Amino acid sequence: MTRRWKGWRNFFRMTLPRKTYLVILLLAAGALAGGSILARRSLPAPVQPIEFSHRVHAGDNQISCLYCHTAATRSTVAGVPTVATCYECHRLVRLKNSETNKVLEHWENKQPIAWVRIHTLPDHVYFSHKRHVSAGVACQTCHGDVQTVERLSQIAPLTMGWCVDCHKERAASLECSTCHK
Ligand code: HEC
Ligand code: HEC
Ligand code: HEC
Ligand code: HEC
Ligand code: HEC
């Protein structure tokens, strides 16, 4: 004998006890919350001493990444610009804005800006910007669409699996000694 369909309410009543649904609901909510915590953990955007915007500089004003991160083509590190680089422009680009005034203060007091470092690999890993940049890997492949963001954060996981996956894809070296000297 087939039972007549009486809507979802009855469907839930007749198949499993109410408590079971509650447990399933809680588990689902837990999984969702866990997922979003994990997602957030890979995006720490520290507050910087000056609200420097990549969107304004590299996006709106189309200043090349290499104008400020000059070392990236010839060194292992990309480097962050010194106050002198900021001052070259901001002695002319004067805004009635407390953040740009900070740039001028740092210049006048000969005081470096203590930028908070975002990316760090463990000491046992060897990485070189020069090698990747000269192989034509775009900054954005590893750092995301930097030119669209106000406050920078880490996008890539920087795990061994992340490095190795791309090395496989692009037929780059997989030898342990490439990345562990
Ligand atoms: C006008 C100078 C300037 C330009 C142009 C610029 N940057 Fe930066 N960049 C900075 C400064 C200053 C910092 C440190 C403050 C911060 O993290 O926002 C920085 C930080 C970074 C960091 C994080 C460094 C860390 O601590 O791990 C990355 C990655 C980066 N820039 C990539 C880029 C890329 C990619 C471009 C081009 C799309 C670019 N930048 C263009 C000045 C610049
Ligand atoms: C190549 C020229 C150039 C360099 C180098 C440069 N800036 Fe700028 N900056 C600009 C321009 C152009 C603007 C936008 C001016 C406007 O909005 O009219 C700007 C805007 C700003 C602002 C205001 C942003 C806003 O939201 O309005 C801050 C703060 C700032 N810059 C800080 C820095 C710091 C810190 C450095 C060095 C790491 C730096 N700039 C290097 C050209 C430069
Ligand atoms: C193949 C991936 C990859 C590419 C491409 C890449 N980066 Fe990086 N970047 C990294 C990794 C990994 C780190 C952390 C390095 C460390 O801790 O030794 C890093 C760190 C940085 C830093 C902070 C530390 C430092 O080296 O000064 C800046 C700034 C930076 N990158 C900018 C850039 C810019 C600008 C470009 C393009 C010209 C670029 N990166 C291209 C992976 C990449
Ligand atoms: C998006 C792709 C990509 C990612 C991600 C990437 N690499 Fe690479 N890597 C390359 C390519 C392509 C080359 C080959 C460069 C060449 O042939 O000169 C390379 C070369 C290298 C080299 C030089 C190899 C040699 O033969 O001297 C080192 C060291 C290196 N990668 C380390 C790393 C580490 C460490 C990471 C992770 C933190 C990483 N790479 C992530 C694409 C990538
Ligand atoms: C393309 C780069 C690359 C290659 C090739 C590579 N590694 Fe790594 N390895 C890394 C990075 C990056 C880390 C750091 C990851 C992290 O901290 O999450 C790492 C971490 C490790 C660690 C430490 C793990 C831990 O928990 O701290 C060991 C051990 C290791 N690698 C062994 C190896 C061995 C063995 C090989 C060769 C079969 C190898 N790696 C090849 C990039 C590489």
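## The shell around ligand 5

In this predicted model, the residues of the shell around ligand 5 fall into nine nonpolar and four polar, with no charged residue among them. The shell consists of 13 residues, of which Thr159, Met160, Cys163, Cys176 and Cys179 are the closest to the ligand. Two elements each give two or more residues to this shell, namely α9, which covers 160–169, and α10, which covers 176–179. The element that gives the most to the shell around ligand 5 is α9, with four residues.

## The shell around ligand 4

Helix α9 appears again at ligand 4, where it gives the most to the shell, once more with four residues. In total, 21 residues surround ligand 4, and the closest are Ala135, Cys163, Cys166, Arg170 and Ala172. The elements that give two or more residues to this shell are α7 (129–134), α8, α9 and α10. Sorted by class, the shell around ligand 4 has 13 nonpolar, six polar and two charged residues.

Cys163 is worth finding in the structure, as this residue is listed among the closest to ligand 5 and also among the closest to ligand 4.

## The shell around ligand 1

Around ligand 1 there are 21 residues, and those that come nearest are Cys65, Cys68, Ile118, His119 and Cys139. Here the elements that give two or more residues to the shell are α3 (54–60), α4 (65–68) and α8 (139–143). The class division for ligand 1 is 13 nonpolar, seven polar and one charged. Helix α8 can therefore be looked up in two places, since α8 gives two or more residues to the shell around ligand 1 and likewise to the shell around ligand 4.

## The chain as a whole

The protein chain has 10 helices and zero strands, and, read from the N terminus, its elements run α-α-α-α-α-α-α-α-α-α. Of its 181 residues, 4% count as buried. Among the contacts in the chain with a separation of 6 or more, 65% are between residues 24 or more positions apart.

Helix α9 can be examined in the same terms of burial: of its 10 residues the number buried is one, so α9 lies largely in the open.

## Two residues with a positive phi

Most residues other than glycine have a negative phi. Against that background, Ala171 deserves a look, for this residue has a positive phi of about 50° although it is not a glycine. Ala171 follows α9 and lies in the loop between α9 and α10. Ala171 counts as exposed because 7 other C-beta atoms lie within 10 Å, and a residue is called exposed when that number is 12 or fewer.

Gln62 is another residue other than glycine with a positive phi, here near 50°. Gln62 lies in the loop between α3 and α4, and with 9 other C-beta atoms within 10 Å this residue is exposed.

## Gly59 and Arg91

Which residues is Gly59 in contact with, leaving aside its neighbours within four places in sequence? They are His54, Gln147 and Thr148. Gly59 lies in helix α3, and its C-alpha atom is separated by 6.0 Å from that of Thr148, although the two residues are 89 residues apart along the chain. With 16 C-beta neighbours inside 10 Å, Gly59 counts as partly exposed, because that class lies between the limit of 12 or fewer for exposed and the limit of 20 or more for buried.

Arg91 lies in a loop, the one between α5 (83–90) and α6 (98–108). Is Arg91 buried or exposed? Arg91 has 11 C-beta neighbours inside 10 Å and so counts as exposed. The C-alpha atoms of Arg91 and Trp107 are separated by 9.6 Å, and these residues are 16 residues apart along the chain.

## Confidence in the model

The pLDDT of the protein chain averages 84, and 76% of the residues score at least 70. Two stretches call for caution. Over residues 21–27 the pLDDT stays under 50, and for this stretch the model has two contacts beyond four places in sequence. Over residues 30–42 the pLDDT also stays under 50, and there too the model has two contacts beyond four places in sequence.

Notes:
Residues numbered from 1 in each chain as written. Chains lettered and ligands numbered in written order. Predicted model: local features only at pLDDT ≥ 70, side-chain atom pairs only at ≥ 80, totals over all residues. Near = placed C-beta within 6 Å. Nonpolar A, V, L, I, M, F, W, Y, C, P; charged D, E, K, R; others polar. Contact = placed C-beta atoms within 7 Å. pLDDT = per-residue confidence, 0-100.
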